[in-house]
Amino acid sequence: MSDLLRELWSRAECEEPVFSAEEVEWAPPGQFELLWQLCFLKEASRATWARCEACGDGHVEEVTWIRNATTGNPTPFVPCPETGASTVSLDRLRRWTIDLDAIAHALRRELGLIGNNSVLLPGRVWFLGRRHVAGRFRDFFLVVGAAREDAHTLWDRCRQIEDAPSPVILVPSQAPSGPRVLAFRLADLAALTEDRLVIDLDYLTDALPRDANAKQAKTVACFQVPAGARWSELRLVVREHTVVAHLRHLEQEFAFEDLGMTGPGDRLWQLLCTLARYGGHTPARSRSVSEEGTVTFRKKVSDLRQRLSTVFPIDGEPIRAVRGTGGYRCVFQINLDRTDGFPVQPERWNECSLTELRDGRIAISVRTKEVFAARTISEETAGRTNLEAAEQFGVRTEEYDLRTLGLADEVGRPTGEGRVLLELLRSGGKLTRRGDDKKVLRLAQWLRNWMRLEDDPFQFTSCRILWNALFDTSSRRKLGPTT
Ligand SMILES: [Zn+2]
């Protein structure tokens with residue numbers, strides 16, 4: 001009797017993981033049906049070898065196909081020393097191969113893995129997804145044939161395994177040799193019940209080395225990332241005490257503790273706020289890093305990167321270094337929850353200036369009269385200090401991503417108004433467009449809203465069909481040939 005279920009995991013390691021008709025026939029009742037129902041088996045090509053049924057000797061021979069003289073159909077035969085040749089029934093030649101893709105799919109489902117999944121090497125290596133287990137997020141892989149002769153090449157061909165911070169390798173029954181990777185045998189972990197594959201997660205949890213920061217990681221919440229999601233699709237809106245994540249149709253709000261942060265003073269929270277304020281960039285080095293060592297800053301970015309990858313299990317890096325600047329750029333979108341416009345209200349348009357920065361963001365500045373408490377020493381009162389209100393001119397500057405301003409779509413393509421604004425900034429504040437140009441009029445409305453100024457930001461000269469900005473404009477973008 002051949003136990004198909006017990007045999008499943010060792011057979012899965014074979015280059016041709018098939019069961020013969022004979023094996024299926026002699027298997028305990030229900031086993032084949034169970035595997036068939038789970039879609040773990042699919043019909044394979046017919047066998048080319050078969051057992052002779054004519055003489056009782058049980059010898060196995062290569063099948064030859066001979067055209068039947070009366071029906072004209074090709075019929076399978078095996079040579080037999082006793083009878084010359086004996087026919088084989090077509091059913092006896094049927095074979096079923098183990099569907100490893102279906103098993104990979106079932107593992108992902110049963111382990112509750114999330115995030116991306118993919119076939120890394122067809123028939124050999126699958127990336128199954130990611131989940132939090134034993135104190136941290138781990139990437140799960142299914143590797144078949146890890147003890148075959150070419151197994152040592154698998155790791156080089158699948159860099160994703162080596163690149164994973166905490167990979168967990170599942171193998172059907174043969175673990176790879178060497179201490180290089182942590183592997184678990186499905187033969188030990190898995191069981192088949194009436195309608196599903198069951199994985200002993202407790203066993204896995206106990207066997208995995210626990211992370212030193214397990215306690216911290218445990219408190220972190222997790223966003224159910226749909227398969228195939230990319231960082232660029234994620235938008236974080238930073239509110240006063242929470243972050244709202246948007247991805248495709250999903251939305252979830254995270255409090256400090258969900259993010260493993262202590263409160264408004266948490267260094268990672270502050271970095272997140274800085275990134276939100278600057279539209280997904282760290283500010284220029286001189287302003288952010290001068291008081292804080294570069295190494296410390298890099299560590300902080302690295303910690304935030306790790307934290308975000310834990311809360312949002314998406315492939316790849318969420319924050320990238322901008323080469324040669326010491327700065328960083330978010331791959332996801334991030335902004336403050338503030339759509340009410342510029343924080344300071346100017347009195348006239350000539351107090352404002354808009355600049356296109358080299359990286360495509362827009363800097364908006366307003367010259368302001370700031371009223372602040374000034375300390376003065378009164379001579380008469382000999383050393384006693386008085387607080388007096390003083391007035392001084394200052395400049396308030398904010399830098400925005402076009403998306404934050406609502407002038408670009410989710411992937412950063414400028415809207416009609418956004419394009420007009422860029423054109424304006426690059427052409428020294430002049431636009432040759434008709435007086436009823438809808439895009440210019442919409443941009444004007446947008447500018448009035450954002451700056452909370454009632455006056456028109458443009459002057460139109462009808463004889464020259466020319467729009468003139470009443471605020472300062474400039475562009476630091478180095479433009480190559482027109483694109
Ligand atoms: Zn025979």
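Reader: Leaving aside neighbours within four places in sequence, which residues is leucine 234 in contact with?
Author: In this predicted model, Leu234 is among the residues that touch the most other members of the largest nonpolar core. Leaving aside neighbours within four places in sequence, its contacts are Ala245, Leu247, Phe312, Ile314, Phe332 and Gln333.

Reader: How many residues does the largest nonpolar core have, and how many has the other core that lies apart from it?
Author: In the largest nonpolar core, the residues touching the most other members include Leu128, Phe141, Leu142 and Leu236; this core has 63 residues. Apart from it lies another core, whose members include Val344, Cys352, Leu424 and Val440, and that core has 27 residues.

Reader: Is glutamine 252 buried, partly exposed or exposed?
Author: Gln252 is placed in strand 18, residues 250-255. A residue needs 20 or more C-beta neighbours within 10 Å to be buried, and 12 or fewer make it exposed. Because glutamine 252 has 16 such neighbours inside 10 Å, it counts as partly exposed.

Reader: What distance separates the C-alpha atoms of glutamine 252 and phenylalanine 223?
Author: Leaving aside neighbours within four places in sequence, Gln252 is in contact with Phe223 and Ala245. Phenylalanine 223 is 29 residues away from glutamine 252 along the chain, and their C-alpha atoms are separated by 7.4 Å.

Reader: Why are helix 13 and helix 14 described as roughly perpendicular?
Author: Helix 13 covers residues 416-426 and helix 14 covers residues 438-451, with their axes 9 Å apart. Angles of 65 to 115 degrees count as roughly perpendicular. The two helices are therefore roughly perpendicular to each other, for they pack at an angle of about 85 degrees.

Reader: How do the residues of the contact of helix 13 with helix 14 divide into nonpolar, polar and charged?
Author: From helix 13, Gly416, Glu417, Val420 and Leu421 take part, and they meet Lys439, Val440, Arg442, Leu443 and Trp446 in helix 14. The residues of this contact divide into five nonpolar, one polar and three charged.

Reader: Which residue takes a positive phi in the hairpin of strand 5 and strand 6?
Author: Strand 5 (residues 64-67) and strand 6 (residues 74-80) run antiparallel and are joined by four bridges. Within this pairing, Thr64 stands opposite Phe77. The hairpin has six residues between the strands, and the residue with a positive phi, near 85 degrees, is glycine 72.

Reader: Which residue in strand 7 stands opposite cysteine 80?
Author: Strand 6 is joined to strand 7 (residues 84-87) by four bridges, and the two run antiparallel. They form a hairpin with three residues between them. Opposite cysteine 80 in strand 7 stands glycine 84.

Reader: Which are the edge strands of the open sheet of five strands?
Author: The strands of this sheet follow the order 9-10-11-12-13, with mixed pairing. Each edge strand pairs on one side only, and these strands are strand 9 (118-121) and strand 13 (183-185).

Reader: What angle does the direction of helix 4 make with that of strand 10?
Author: Strand 10 (residues 125-133) runs antiparallel to strand 11 (residues 136-143), with eight bridges between them. One bridge pairs Trp126 with Leu142 in strand 11. Helix 4 (residues 100-110) packs on the sheet, touching strand 10, strand 11 and strand 12 (167-171), and its direction makes with that of strand 10 an angle of about 5 degrees.

Reader: What percentage of the residues of the chain count as buried?
Author: The chain contains 14 helices and 28 strands. Of its 483 residues, the buried portion is 28%.

Methods
Residues are numbered from 1 along each chain as its sequence is written. This is a predicted model: local features need pLDDT of at least 70, side-chain atom pairs count only at pLDDT 80 or more; totals for chains, interfaces and linings use all residues. Axes are lines fitted to C-alpha atoms, for helices over the stretch in contact, and angles run from 0 to 180 degrees between N-to-C directions. Angles under 35 degrees count as roughly parallel, over 145 as roughly antiparallel, 65 to 115 as roughly perpendicular and the rest as oblique. Two residues are in contact if their C-beta atoms, placed from the backbone, lie within 7 Å. Ala, Val, Leu, Ile, Met, Phe, Trp, Tyr, Cys and Pro count as nonpolar, Asp, Glu, Lys and Arg as charged, and the others, Gly among them, as polar. A nonpolar core is a set of buried Ala, Val, Leu, Ile, Met, Phe, Trp, Tyr and Cys residues joined through C-beta atoms within 7 Å. Two strands pair if DSSP finds at least two bridges between them.
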